[in-house]
Amino acid sequence: MAAVAERVFSGVQPTGNLHLGNYLGAIKRFVELQKSHECIYCVVDLHAITVWQDPEELKRHTREVTAAFIACGIDPKAHIVFNQSQVSGHAELAWVFNCVARMGWLNRMTQFKEKAGKDRENASVGLFAYPTLMAADILLYRATHVPVGDDQKQHLELTRDIAQKFNTDFAPSIASNGHGEGYFPITEPLIAGPATRVMSLRDGSKKMSKSEASDFSRINLTDDADAIAGKVRRAKTDPEPLPSEEEGLKGRPEADNLVGIFAALSDTTKAQVLADYGNAQFSAFKAALVDLAVAKLGPIGTEMQRLMADPTAIDAILIDGADRARVIADQTIRDVKDIVGMVR
């Protein structure tokens, strides 16, 4: 295979109300990867419409995710930030991959079964074919690495299967077009230790979610310092002091969640947090967590609000990113057409 630069691709759906879980689970990692990799970060609006979206809300949410990227520290000049629908190669390559992937592969995708529920016959074709579009997102840029959470590991495996099958099916043509033994890289997952799983501030057994009725269940990235402080102070706890060892967090989901949030925001471990605050009452620990959360998240909310007040500037970032992404994507599409045998 011809040499491919180490390149990271990842995307976030524009579904609105980004919260602390999105930040600690994905965006914080995106910021760190800028130091070591060439990065392409995409607002995946084509994925969003696999279920119906209000057109005006979709625009607003696309800009909100972009604002979050920038406010959290992603540099749109050093790296590429854009929205998926501006680069037609995503849809074009997805069709080629629809013809490479097998029905049996897609039928095994657990996320489709979960999202479609019992009324599978009424789900959109797009929701079923979502994984081939995700493979196209990654391989359009011949990305070598993708940061993945538990819910995306199966989709990345499918991406690898599609790349391998394409390379095998078209091996003679790939070689005759000067691409060596394979055209697409077999993309590797980037897994950085145990993922930060952020749970609801009102119920430590449930994942933090934008769909939960109470706004006090989550810290939104657009929250100001007062809102952050109020939500941390009102977060559910239990009557016991914090344990001094991690073992003592078992069976205490709310305590475990708040210690995990503190550890993630301070770039340390639960063990270190408990070494510092073990045997302390929650009132003292929460006071420290308020200070930490406001210091880390307050500026993000302030900057997001500033950016969202100027949608024209956000759109300019997306247009610039799409123009730069298209240079890479168009070359891949030309190569794929030549390999498959399409006249262009």
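This is a tour of selected helices, a strand and single residues in a predicted model, in an order that can be followed in a viewer.

**Stop 1: Y41 in strand β2**

Select strand β2, residues 38-43, and pick out Y41 within it. Y41 has a relative accessible area of 0% and is buried. Which residues does Y41 touch, apart from neighbours within four places in sequence? Show V8, S10, F30, L33, Q34, F69, I74, I80, V81 and F82, and the set of contacts is on screen. Then add G11: its C-alpha is 5.6 Å from that of Y41, although 30 residues of sequence separate the two.

**Stop 2: H47 in helix α2**

Move along the chain to helix α2, residues 45-48, which contains H47. The relative accessibility of H47 is 2%, so this residue counts as buried. With residues up to four places away set aside, H47 touches Q13, Q84, Y130, L133, M134 and D137. Keep Y130 and M134 displayed, since both return at the contact of α7 with α8.

**Stop 3: K59 in helix α3**

Select helix α3, residues 55-72, and find K59. Is K59 buried or partly exposed? With a relative accessible area of 45%, K59 is partly exposed. Now display P311 as well. K59 and P311 lie 252 residues apart along the chain, yet their C-alpha atoms are 9.9 Å from each other.

**Stop 4: T132 and the crossing of α7 and α8**

Select helix α7, residues 125-139, and pick T132. T132 is buried, at 1% relative accessibility. Beyond its neighbours within four places in sequence, T132 contacts A94, F97, N98, A101, L106, L158 and I162. Two of these, L158 and I162, belong to the α8 side of the helix contact examined next.

Add helix α8, residues 153-169, and look at how it packs on α7: the axes are 9 Å apart and meet at an angle of about 70 degrees. That angle makes α7 roughly perpendicular to α8. The crossing is right-handed. To see the contact itself, show Y130, P131, T132, M134, A135, I138 and L139 on α7, then H155, L156, L158, T159, I162 and A163 on α8. Colouring by residue class gives ten nonpolar and three polar residues, with no charged ones.

**Stop 5: R142, after α7**

Continue into the loop between α7 and β4 (145-147), where R142 is found. The phi of R142 is positive, about 45 degrees, although R142 is not a glycine. R142 is also buried, with a relative accessible area of 14%.

**Stop 6: α10 against α13**

Select helix α10, residues 225-233, together with helix α13, residues 282-308. How do the two helices run relative to each other? They pack at an angle of about 150 degrees, with axes 9 Å apart. That makes α10 roughly antiparallel to α13. This crossing is right-handed. On α10, the contact residues are A225, I228, A229, V232 and R233, and on α13 they are K286, L289, V290, A293, V294, L297 and G298. By class they divide into nine nonpolar, one polar and two charged.

A point of helix geometry helps in reading such a list. An α-helix has 3.6 residues a turn, so residues three or four places apart point the same way.

**Stop 7: helix α11 and its surroundings**

Keep α13 on screen and select helix α11, residues 253-265. Its 13 residues reach 18 Å from first C-alpha to last, close to the 18 Å expected at 1.5 Å a residue. Eleven of the 13 are buried, so α11 is largely enclosed by the rest of the structure. The buried residues are E254, A255, N257, L258, V259, G260, I261, F262, A263, A264 and L265. To see what covers them, show α1 (20-33), α12 (270-277) and α13, which are among the covering elements. After α11 comes D267, with a positive phi near 55 degrees.

**Stop 8: N279, between α12 and α13**

End in the loop between α12 and α13, and select N279. N279 is a residue other than glycine with a positive phi, near 75 degrees. Is N279 buried or exposed? N279 counts as exposed, at 59% relative accessibility.

Terms used:
Residues numbered from 1 in each chain as written. Predicted model: local features only at pLDDT ≥ 70, side-chain atom pairs only at ≥ 80, totals over all residues. Heavy atoms only, no water. Axes fitted to C-alpha atoms, helices over the stretch in contact; angles between N-to-C directions. Helix = DSSP H or I, 4+ residues; strand = E, 2+ residues; numbered from the N terminus. Parallel < 35°, antiparallel > 145°, perpendicular 65-115°, else oblique. Left-handed = near helix turned anticlockwise from the far one by under 90°. Contact = heavy atoms within 4.5 Å. Nonpolar A, V, L, I, M, F, W, Y, C, P; charged D, E, K, R; others polar. Expected span 1.5 Å × (residues − 1). Buried < 20%, exposed > 50% of the residue type's maximum accessible area, 1.4 Å probe, protein only.
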